[in-house]
Structure formats: structure tokens, C-alpha cells
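Visitor: Could you take me closely through one part of this protein, and show how that part sits against its surroundings? I would like one connected account rather than a list.

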Amino acid sequence: MAYTEETYPFLLMEVMEYIKEVKMKDRSVPIIEIIVDFSKKQHIDLAMLGDAITDDDYFKTFIEKDCVHHGIFKSNKIGEW
């Protein structure tokens, strides 16, 4: 499926399902790593995926908190995707 801004919610659902699958196997994997892996495996441009995530405040905040938890970011603000 080719994703556009109109189909970002479907893309995010797929990403969330993939995160759930990975986390069920290994809860220690940072979400940002799972997202990058998803992008590579599905041949989805990481910048487009970042745009889709930026449009969803709840999901973006969830990722930010996970990045802080894993020491990827020192504060809870990613800034620009």
C-alpha cells in the first residue's frame, strides 16, 4: 500500500501492531528502534513515517517518553522529527 497523509492512520496502526509484536518477545527494545526496523522491513520512507507520527500527538508523546526511559533523549522533547 502506498501511504499518503490521508492514510497515515492506517500506517500508524500497522506500526503499533508491529511494536506490540516485538514488545511481546522483548520488552527491553526501545520503540524508536522498532520503528526504524519496521521502516526498513516494510520499505517505508523513515521521513514519511516520522511525518505520520508527528501528526499523532498521543503516539509521539508515547515515543518521547520511551526514548527518555531508555536514555536516548535527556529531556522529554524530541523537537523536529
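Guide: In this predicted model, helix α2, which covers residues 31–42, packs against helix α3, residues 46–54, at an angle of about 130 degrees, and the axes of the two helices lie 10 Å apart. Because an angle counts as roughly antiparallel only over 145 degrees and as roughly perpendicular only from 65 to 115, α2 is oblique to α3. The crossing in which α2 passes α3 is right-handed. On the α2 side the residues that take part are Ile 35, Val 36, Phe 38 and Ser 39, and in α3 they meet Leu 46, Leu 49 and Ile 53. Sorted by class, this contact of α2 with α3 holds 6 nonpolar residues and 1 polar residue, with no charged ones.

Turning to the other neighbour with a described crossing, the axes of α1 and α3 come within 9 Å and cross at roughly 100 degrees, which makes α1 roughly perpendicular to α3. Here α1 contributes Tyr 8, Leu 11, Leu 12 and Val 15, whereas α3 contributes Met 48, Leu 49, Asp 51, Ala 52 and Ile 53. By class, the contact of α1 with α3 has 8 nonpolar residues, no polar ones and 1 charged residue. Leu 49 and Ile 53 of α3 thus appear in the contact with α1 and also in the contact with α2.

Those two residues are also among the buried positions of α3, which are Met 48, Leu 49, Gly 50, Ala 52 and Ile 53. The buried residues of α3 pack against α1 (8–25) and α2, and also against α4 (57–69).

To place this part in the whole, the protein has 4 helices and 0 strands, and its elements run α-α-α-α from the N terminus on. Among contacts between residues at least 6 apart in sequence, 51% join residues at least 24 apart. Of the 81 residues of the protein, 36% count as buried, and the C-alpha trace spans about 35 × 30 × 20 Å along its principal axes. The radius of gyration is 12 Å, which agrees with the value near 12 Å that a compact globule of 81 residues would have.

Conventions. Residues are numbered from 1 along each chain as its sequence is written. This is a predicted model: local features need pLDDT of at least 70, side-chain atom pairs count only at pLDDT 80 or more; totals for chains, interfaces and linings use all residues. Side-chain values use heavy atoms; hydrogens and water are left out. Axes are lines fitted to C-alpha atoms, for helices over the stretch in contact, and angles run from 0 to 180 degrees between N-to-C directions. Angles under 35 degrees count as roughly parallel, over 145 as roughly antiparallel, 65 to 115 as roughly perpendicular and the rest as oblique. A crossing is left-handed if the near helix is turned anticlockwise from the far one by less than a right angle, and right-handed if clockwise. Contact means heavy atoms within 4.5 Å. Ala, Val, Leu, Ile, Met, Phe, Trp, Tyr, Cys and Pro count as nonpolar, Asp, Glu, Lys and Arg as charged, and the others, Gly among them, as polar. The radius of gyration is taken over C-alpha atoms; the globule rule is 2.2 Å times the number of residues to the power 0.38. Buried means under 20% relative accessible area, exposed over 50%, partly exposed in between (1.4 Å probe, protein chains only).
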